[in-house]
Amino acid sequence: MSTEVRQQYPPTPQKKQKKYNQRTRDRISGYLYISPFFLLFGVFGMFPLIFTAYLSFHRWNILGEREFIGFSNYIGLFTNDPLFWKAVGNTFSIWALSTIPQLFVALVLAFILNQAFLKGKSFFRLSIFMPNVTSIVAVAIVFSAIFGTQYGIINYFLSLVGLDPINWKGSYFGTHVAISSMVMWRWVGYNTIIYLAGLQSISKDLYEAATIDGANKIQQFFYITIPMIRPIIIFTVLLSSIGGMQVFTEPLLFGVGSDSQGLTMTLYLYQEAFERFSFGYAAAIAWVLFLIIMIVSLINLIVTRRIKST
C-alpha cells in the first residue's frame with residue numbers, strides 16, 4: 001500500500017502579480033459602478049453647499065464682482081433685520097399648527113385603515129394619498145377659494161350662523177391657519193401610508209389577546225399601536241420637522257399678507273436672492289436656516305428618545 005505525498009510549492013511572482021492585478025481590477029470596477037452617485041452628489045450637492053458657504057461672506061448681485069465683507073451678512077441678519085425674525089416666528093407658528101395635528105390625524109387614519117372590518121381598503125388608501133401627488137398650484141387655488149375673505153366657503157358658513165367673516169389673508173391667525181391647512185392636507189396622506197406600513201408589521205395576535213382581555217379599540221391604540229411603531233413615529237416627527245422648517249410653495253401661492261404674516265424663512269431667502277438679487281445675504285440666510293433645522297431636529301430626537309425610554 002503506497003501513499004503519494006504532493007509537494008506544495010509557493011506561488012510564483014507571476015501568479016502573485018496576476019492575483020493582485022485581478023484584485024485591483026475588481027476594486028476599480030466596483031468604484032466605477034458607484035461613481036455616478038458621487039459625481040452627481042459632488043456637482044449638485046457638495047459644490048452648491050461649499051459655494052453657498054463661500055458666498056455668505058461676500059456681497060454679490062450675480063452681475064458684478066464679488067466683494068468680501070466677512071461676517072457682515074450674519075451680523076446684519078441677527079442685529080438689523082427684524083423681517084428675518086418675523087419670518088422665523090411665522091415658520092415656527094405654521095410648523096406647530098400643521099405638523100402636530102398632521103401626525104396625529106395620520107396615525108388615527110392609519111389605525112382605521114388597518115382594521116379588518118373596513119371594506120374597500122385599496123380605494124381609501126389610494127384616495128388618502130392623492131393629495132400628495134396633486135399639483136400644489138391646484139391645491140392653492142382650491143384653498144384660496146375656501147379661505148377667501150369675500151366669497152370664501154368658510155366665511156359663507158360663518159355668516160349662516162351669524163358670525164362675522166374672517167380676513168384670512170389680512171391677519172396672522174387667518175394666514176397661518178390657511179397655510180397650515182394646505183400643508184396638512186397635502187402631507188397627512190403621505191404620513192398615513194408610512195404609519196400603515198408600520199401597523200401591518202404588528203402581529204394580530206397582540207390585538208386578539210387584548211380583545212380577549214377586554215381592551216377596547218382606544219386602549220389598543222394607546223397601549224399596543226403607539227408603543228410598537230414608536231421608531232416610525234420618531235422618523236416621521238424628524239422628517240416633518242425638517243419639511244416644516246422649509247415650507248415655501250404654500251405661502252408663496254397663498255400670499256404673504258399685508259404685514260408679511262405669511263413670510264417664511266425659505267420664502268424670505270427666495271425674495272432676497274431672486275427679487276432683490278442679494279445673493280450673499282441669501283446665502284447667509286440659507287446657512288442660518290440649516291443651523292436652525294439641525295437644532296430643531298436634535299431637540300426632537302432627544303425628546304422622542306426620552307419618551308421612548310420612559
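Here is a short chat about a predicted model, its confidence and one of its pockets.

Visitor: How do you know that the chain is modelled with confidence?

Guide: pLDDT is the predictor's confidence in each residue, from 0 to 100; the chain averages 85, and 92% of the residues score at least 70. Over residues 1-5, though, pLDDT is below 50, and beyond near neighbours in sequence that stretch has zero contacts (heavy atoms within 4.5 Å). Local features need pLDDT of at least 70 and side-chain atom pairs 80 or more, while totals for chains, interfaces and linings use all residues. Residues are numbered from 1 along each chain, and side-chain values use heavy atoms, leaving out hydrogens and water.

Visitor: Why is the crossing of α3 and α7 called right-handed?

Guide: Right-handed means the near helix is turned clockwise from the far one by less than a right angle. The axes (lines fitted to C-alpha atoms over the stretch in contact, angles from 0 to 180 degrees between N-to-C directions) cross at roughly 35° and come within 6 Å, so the α3 and α7 crossing, being right-handed, fits that clockwise case.

Visitor: Which helices line the second largest pocket?

Guide: α3 (82-113), α7 (172-199), α10 (230-245) and α11 (249-254) each supply at least two lining residues; helices are DSSP runs (H or I, at least four residues).
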